[in-house]
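Grab a pencil and work through these exercises with the model open beside you. Each one has a task, then a solution in steps.

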Amino acid sequence: NNLSKMRLFLLVLLLVVMTEAKKKGDSRAALGYKECVDFKESNKKEGKKNKAMKWVRPKAMSDICGVDGECPVLEELENSRCGFGIREIATGKWVSTEVMQSDGESKYDKAFLRLFDYISGTGNEDKAYIPMTSPVLTRHFLNEDSEEEGSTMHFYLPSNFQDSPPSPTSDLVRILEWDDVVIYYRAFGYKGKDVPQDIWIGSSDSLEKLSLREV
């Protein structure tokens, strides 16, 4: 199934990459955009109140793609505004699964393991080993009150498997082909293991407001 070409408001996919940038002055290179002054100040205040929530710069995409693993073809699009970046992700196939609400608190772990079984060979009919790629993408479907109504998780399939990916053995795992898509993103990372739900919601709300703001 092809997904129509569309614009999506997405949180950046680098949350799991907590490594700090090597140089203090390279935050724009790491984030992919210029950060707004008010966000810098709020990050500092939050870090002083709670050391576990101290903000760290994620790795730049150039330090991930082709280094940690293969990535989909990405193109940074021109953007004169602060607080978010704009990227175009080229068409490609992704292995996907629904995040099952019935799995409770372990729903994301179980979704990840279903996809991991697929790429490790135990979950595909060819028993083929498929290298891990970046990023792991999770799509959240929210209602008007920012409450999650559903979500899906996706691994990008590397170039060697784009033409003819092996069929999944699980009915919960599917191969999807996505058209080119333009995404709006914000990057955030914290020293704490888990990012609180209010941080996710706040970042999502900020991204939407910033992207709709007139230049």
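**Exercise 1. Find the salt bridge between Asp103 and Arg114 in this predicted model, then work out which network Asp103 belongs to.**

Step 1. Start with the side chains of Asp103 and Arg114: they meet in a salt bridge, with N to O at 3.8 Å. The cut-off is 4 Å, so that distance passes.

Step 2. Now place the two partners. Asp103 sits in the loop between S5 and helix H3 (107–120), while Arg114 is in helix H3 itself, so the pair ties together parts that are 11 residues apart in sequence.

Step 3. Check the burial: Asp103 and Arg114 are both buried.

Step 4. Look for another partner of Asp103. The side chain of Lys110 also meets Asp103 in a salt bridge, at 3.9 Å from N to O. Lys110 has a relative accessible area of 39%, so this residue is partly exposed.

Step 5. Put it together: salt bridges with shared partners join Asp103, Lys110 and Arg114 into one network.

**Exercise 2. Take the salt bridge between Glu76 and Arg87 and say which strands this pair links.**

Step 1. Keep the basic idea in mind: side chains of opposite charge can pair when their charged atoms come close.

Step 2. Read off the distance. Glu76 and Arg87 meet through their side chains at 2.3 Å, N to O.

Step 3. Locate the ends. Glu76 belongs to strand S3 (residues 74–76) and Arg87 to strand S4 (residues 85–89), so the salt bridge links distant parts of the chain, 11 residues apart.

Step 4. Is Arg87 buried or exposed? Arg87 has 6% relative accessibility, so it counts as buried. Glu76 comes in at 40%, which means partly exposed.

Step 5. For the full tally, the model has 4 salt bridges.

**Exercise 3. Work out how strand S5 is enclosed and which strands pair with S5.**

Step 1. Begin with burial. Strand S5 covers residues 92–98, and 6 of its 7 residues are buried, so the rest of the structure largely encloses this strand.

Step 2. Follow the pairing to strand S8 (residues 173–178): S5 and S8 run antiparallel and are joined by 6 bridges. Gly92 stands opposite Trp178 of S8.

Step 3. Now turn to strand S7 (residues 148–156). S5 pairs with S7 over 5 bridges, again in the antiparallel sense. Here Thr97 has Met153 of S7 as its bridge partner.

Step 4. Use Met153 as a stepping stone. Its C-alpha atom is 7.3 Å from that of Val136, with their positions 17 residues apart along the chain. Val136 lies in strand S6 (residues 136–142), and its relative accessibility of 28% makes it partly exposed.

**Exercise 4. Which residues make the nonpolar surface patch, and which form the positive one?**

Step 1. For the nonpolar patch, pick out Phe112, Leu113, Phe116 and Met132, which together make about 330 Å². Phe116 is in helix H3 and counts as partly exposed at 38% relative accessibility.

Step 2. For the positive patch, pick out Lys34, Lys40, Lys44 and Lys48. Lys44 is part of helix H2 (residues 37–49).

Step 3. Classify Lys44. Exposed means over 50%, and Lys44 has 52% relative accessibility, so it counts as exposed.

Note on methods: Residues numbered from 1 in each chain as written. Predicted model: local features only at pLDDT ≥ 70, side-chain atom pairs only at ≥ 80, totals over all residues. Heavy atoms only, no water. Buried < 20%, exposed > 50% of the residue type's maximum accessible area, 1.4 Å probe, protein only. Helix = DSSP H or I, 4+ residues; strand = E, 2+ residues; numbered from the N terminus. Pairing = 2+ DSSP bridges. Patch = residues over 30% accessible without salt bridge, like charges linked within 9 Å, V, L, I, M, F, W, Y side chains within 5 Å. Areas by Shrake-Rupley, 256 points an atom, 1.4 Å probe, with all protein chains shown as cover. Lys, Arg positive; Asp, Glu negative; His and termini not counted. Charge placed at Lys NZ, Arg CZ, Asp CG, Glu CD.
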